[in-house]
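Let's take a walk through this model together, with an eye on charged pairs and on what lies at the surface. Have your viewer ready.

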Amino acid sequence: MKNIEIKITGPTEMLPHYGSADAAGADLRACIDSSVTLQAGERKLIPTGLKMAIPRGYEGQVRPRSGLAVKKGLTVLNSPGTIDADYRGDVQIILVNLSSEAVTIERGDRIAQIIFSPVIQADFTLCDTLDETSRGSGGFGSTGVQ
């Protein structure tokens, strides 16, 4: 396991927390002074009160919480959002309300989750042709649904 150094700009209860022993994602909380309401179709940037030093060769992936998505229609826009290893600013979550009703976020609500994953940077080589495959250039839906 990699150690992630965290600077808290809010209270310590805002620290990421794994909900179970085998949870892949650690919950991120809303670090807001007062409640925030998202109207149907609206998106807002919600601070977490955290800054992180992610080790080189890793990224933080910000993902939605399934319970918020199914119960309230809230999800993370730009999902998964990437936090690069060299970013040291405030971690903020772009939440969008995809439901038909307003949803209110309170201070300390678990609004997203973060997963840390290794990153491989590619070397790019220009070429005139690519190798052939059975799929070829077939794109969206080209392999069917069953």
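A good place to begin is Arg110, which is partly exposed because its relative accessible area is 36%. Keep in mind as we go that this is a predicted model. The side chain of Arg110 meets that of Asp27 in a salt bridge, with 3.1 Å from N to O. This contact ties together distant parts of the chain: Arg110 belongs to strand S11 (residues 110-118) and Asp27 to strand S3, 83 residues apart.

Now turn to the other end of that pair. Asp27 has a relative accessibility of 8%, so this residue counts as buried. Asp27 also forms a salt bridge with Arg65, where the closest N and O atoms are 3.1 Å apart. Here again distant parts of the chain are linked, since Asp27 sits in strand S3 (residues 26-29) while Arg65 lies in the loop between strand S6 (58-63) and helix H1 (66-72), 38 residues apart.

The whole structure holds four salt bridges. Another of them joins the side chains of Glu42 and Lys44, at 3.9 Å from N to O. Asp27, Arg65 and Arg110, for their part, are joined into one network by salt bridges that share partners. Glu42 is partly exposed, with a relative accessible area of 27%, and Lys44 is partly exposed with a value of 27%.

Finally, leave the charges behind and look at the surface. Leu45, Leu77 and Ile94 form a nonpolar patch there, together offering about 230 Å² of accessible area. Leu77 is found in the loop between strand S7 (74-76) and strand S8 (81-83), and its relative accessible area of 34% makes Leu77 partly exposed.

Note on methods: Residues are numbered from 1 along each chain as its sequence is written. This is a predicted model: local features need pLDDT of at least 70, side-chain atom pairs count only at pLDDT 80 or more; totals for chains, interfaces and linings use all residues. Side-chain values use heavy atoms; hydrogens and water are left out. Patches are made of residues with over 30% relative accessible area and no salt bridge: like charges are joined within 9 Å, nonpolar side chains (Val, Leu, Ile, Met, Phe, Trp, Tyr) within 5 Å. Accessible areas come from the Shrake-Rupley method with a 1.4 Å probe; for residues, only the protein chains shown count as cover. Helices (H or I, at least four residues) and strands (E, at least two) are DSSP runs, numbered from the N terminus. Buried means under 20% relative accessible area, exposed over 50%, partly exposed in between (1.4 Å probe, protein chains only).
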